[in-house]
Amino acid sequence: MKIVTWNINGIRTFKNGIKKILDSFDADIICVQETKVTRDLLDEKTAIVDGYNSYFSFSRGRGGYSGVATYCKDTATPFLAEEGLTGLLTNQGEAVGCYGDQVELSSEELLALDNEGRTVITQHHFMGTDGPQKLTVINVYCPRADPDKPERKQFKLQFYHLLQCRAEAILSSGSHVIVLGDVNTSHRSIDHCNPDDVDNFEDNPGRKWLDHFLFETENTENGNTEDDLADISQNSASGGKFVDSFRHFHPKRSNAFTCWSTLTGARQTNYGTRIDYIFADRSLVETGFIGVDIMPEVEGSDHCPVWAQLSCTLQFSPRCPPLCTRHMPEFIGKQQKLSRFLVKVTEKQSVSKGSLPGSQDAGEIRENLNPVVQGNSVAKKRPTEREADTNGPKVKRSKQTKTESSAKGSLLAFFKPKQTLLIPSRGNLGLKQAESSQDGPGIESNIRSCPSDAQKETNLSMVTEMENENQDEVEGESTSIDKSKDSKKGPCTGFWKTVLHGPPQPPLCKSHNEPCVLRTVKKAGPNLGRQFFVCARPQGHASNPQARCNFFTWVEKGK
């Protein structure tokens with residue numbers, strides 16, 4: 001049996017579906033965290049994967065946040081599956097059970113811990129040396145303690161306490177237990193890239209909880225002797241029942257990290273932390289585990305997968321538990337349709353029977369049933385023009401008719417060529433009229449008295465003369481406009497260059513003599529929004545010459 005855990009940082013990033021990734025692991029059980037998907041956004045190719053059955057837990061308060069999922073091969077179908085740690089999100093007849101002592105938390109706190117979609121539990125059967133046995137897999141995505149939100153620190157500790165109570169209760173019932181996923185706390189200094197840079201590293205509440213939850217099989221970092229370890233195990237009677245399987249096989253391996261910052265490119269220099277674990281009860285690790293390791297070569301997230309190989313062989317259930325996505329109405333074709341919410345109403349139905357819902361009066365109901373036939377009280381005819389004149393204010397219809405007629409027409413009218421006859425300007429028209437009045441009869445009367453051929457020649461000469469005069473006026477106006485544009489172009493360009501200046505030129509860092517990268521402060525405080533330059537190389541340890549140097553400079557205001 002092979003099991004894999006991986007924080008995928010968004011399940012919808014796999015554009016072509018997740019099946020290819022699942023097949024590449026060649027594992028029986030694959031647990032993913034931080035799916036960042038809600039049920040309404042879960043698509044079929046992600047929920048229903050050929051050869052697998054899946055179980056999801058969604059965040060109920062925020063979209064695109066948290067969420068875990070467990071994919072099991074059809075040959076490893078679980079017998080029971082449950083969402084959450086408290087038992088409040090599932091029916092008792094379909095649950096794994098064994099909830100432990102939850103009296104320290106109120107019902108509101110318990111529901112809040114499960115509403116973020118951080119746990120999926122599946123229970124499997126396998127054939128061991130002593131006969132059939134049970135194996136319960138708890139897939140968790142533990143909360144992160146935001147330093148700017150003190151209440152989240154308490155929320156994280158409550159989640160740890162609830163997880164320990166549930167895991168130990170299931171273990172006490174006779175089932176083997178595996179707790180795996182993103183725990184969001186590096187246990188020892190060997191699991192952190194720079195523990196000296198962390199204030200009170202050993203006193204962190206999350207690390208103290210891990211000390212209480214785990215049983216140490218090796219003396220690695222703390223200088224404890226075997227007698228000290230025995231005392232620690234005896235003193236923590238309620239804890240120490242689980243083992244960090246990776247440290248069981250690799251007690252002194254350093255730089256074995258599973259999470260890196262994508263903002264600083266720290267994965268290139270392996271400057272990260274180990275916060276993804278596969279915990280299991282001591283008996284199972286000592287008798288059933290064959291090997292455990294990390295997979296830093298697998299990209300696609302800011303975390304890398306962790307796998308474990310066990311000697312046992314799983315037995316599959318003939319049917320999937322009710323939590324399986326195959327039973328979701330939206331994926332089996334039984335979801336409710338819009339037509340089920342609509343009521344068919346006939347004209348024969350009486351109004352008194354309340355055929356139409358709502359608070360409508362009788363007139364509105366009759367209008368909805370038959371708005372044309374019910375009479376003038378409901379559907380009145382449009383008043384005639386004479387009635388409108390007597391009832392309402394008088395309106396001139398000449399302009400309205402003219403506007404309506406001008407609006408009508410064929411679309412081809414917009415593409416017809418313009419008429420060749422140009423209308424002279426007012427100045428030219430006045431001059432022509434003055435000349436015609438001085439010379440005698442008007443031009444129009446002279447044209448009408450001429451024969452048809454002569455009239456055509458006269459029209460052509462008038463059109464040519466008007467075109468020449470108008471062309472001279474247009475050329476004069478365009479020349480003046482061009483001159484005004486040239487005069488305004490210079491000062492406008494200079495003004496916008498002073499206002500809309502580009503980003504400042506990056507300086508060269510002193511250690512590598514390479515162009516720096518521009519950053520902006522986004523943390524609330526006095527420097528919010530200020531820009532600064534730092535070395536463009538990825539973050540790393542100070543002893544690594546290929547890592548980022550300590551060059552830093554603020555961008556001066558106005559530059």
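**Exercise 1.** How many of the six residues of strand S13 (residues 289-294) are buried? Work this out for the predicted model, then place S13 in its sheet.

*Solution.*
Step 1. Count residues under 20% relative accessible area, the cut-off for buried. Five of the six residues in S13 pass, so the strand is largely enclosed by the rest of the structure.
Step 2. Find the partner of S13. Five bridges connect S13 with strand S14 (residues 306-310), and the two strands run antiparallel. Within this pairing, Ile294 has Val306 of S14 as its bridge partner.
Step 3. Write the strand order. S13 belongs to an open sheet of six strands, ordered S3-S4-S2-S1-S14-S13, and the pairing is mixed.
Step 4. Read off the edges. Strand S3 (52-57) and S13 each have a single partner strand, so one side of each lacks a neighbour in the sheet.
Step 5. Add the twist. On average, neighbouring strands of this sheet are turned by 15° against each other, direction ignored.

**Exercise 2.** In which sense do strand S2 (residues 29-33) and strand S4 (residues 68-73) pair, and over how many bridges?

*Solution.*
Step 1. Compare the strand directions: S2 and S4 pair in the antiparallel sense.
Step 2. Count the bridges, which number five.
Step 3. Fix the register with one residue pair: Val32 is opposite Ala69 in S4.

**Exercise 3.** Which strands are joined to strand S17 (residues 531-534) by bridges?

*Solution.*
Step 1. Take strand S16 (residues 517-520). Four bridges join S16 to S17, and these strands are antiparallel. Thr520 stands opposite Gln531 of S17.
Step 2. Take strand S18 (residues 552-554). Three bridges join S18 to S17, again with an antiparallel run. Val534 has Phe552 in S18 as its bridge partner.

**Exercise 4.** At what angle do the axes of helix H3 (residues 107-114) and helix H4 (residues 150-172) cross, and which residues make the contact?

*Solution.*
Step 1. Choose the descriptors. Two packed helices are described by the angle and the distance between their axes.
Step 2. Apply them: the axes of H3 and H4 come within 11 Å and cross at roughly 90°.
Step 3. Classify the angle. The range 65 to 115 degrees counts as roughly perpendicular, and H3 and H4 are therefore roughly perpendicular to each other.
Step 4. List the contact residues. H3 contributes Glu109, Leu110, Ala112 and Leu113, while H4 contributes Phe155, Gln158, Phe159 and Leu162.
Step 5. Sort them by class: the contact of H3 with H4 has six nonpolar residues, one polar and one charged.

**Exercise 5.** How many aromatic pairs does a search of the whole structure find? Describe two of them.

*Solution.*
Step 1. The search returns 12 aromatic pairs.
Step 2. Consider Phe56 and Tyr71. Their ring centres are 5.9 Å apart and their planes stand at 80°, so this pair is edge-to-face. Phe56 is in strand S3 and Tyr71 in strand S4, so the pair ties together parts 15 residues apart in sequence. Phe56 and Tyr71 are buried.
Step 3. Consider Phe213 and Phe279. With ring centres 5.8 Å apart and planes at 65°, over the 60 degrees needed, the pair is edge-to-face. Phe213 lies in helix H5 (residues 205-213) and Phe279 in strand S12 (residues 276-281), so this pair links parts 66 residues apart in sequence. Both residues, Phe213 and Phe279, are buried.
Step 4. Extend to the cluster. Ring pairs link Phe213 and Phe279 with Tyr160, Trp209, Phe242 and Tyr277.

Terms used: Residues are numbered from 1 along each chain as its sequence is written. This is a predicted model: local features need pLDDT of at least 70, side-chain atom pairs count only at pLDDT 80 or more; totals for chains, interfaces and linings use all residues. Side-chain values use heavy atoms; hydrogens and water are left out. Axes are lines fitted to C-alpha atoms, for helices over the stretch in contact, and angles run from 0 to 180 degrees between N-to-C directions. Angles under 35 degrees count as roughly parallel, over 145 as roughly antiparallel, 65 to 115 as roughly perpendicular and the rest as oblique. Contact means heavy atoms within 4.5 Å. Ala, Val, Leu, Ile, Met, Phe, Trp, Tyr, Cys and Pro count as nonpolar, Asp, Glu, Lys and Arg as charged, and the others, Gly among them, as polar. Two strands pair if DSSP finds at least two bridges between them. Buried means under 20% relative accessible area, exposed over 50%, partly exposed in between (1.4 Å probe, protein chains only). Rings of Phe, Tyr and Trp (its six-membered ring) pair if their centres lie within 6.5 Å; planes under 30 degrees apart count as stacked, over 60 as edge-to-face and the rest as tilted.
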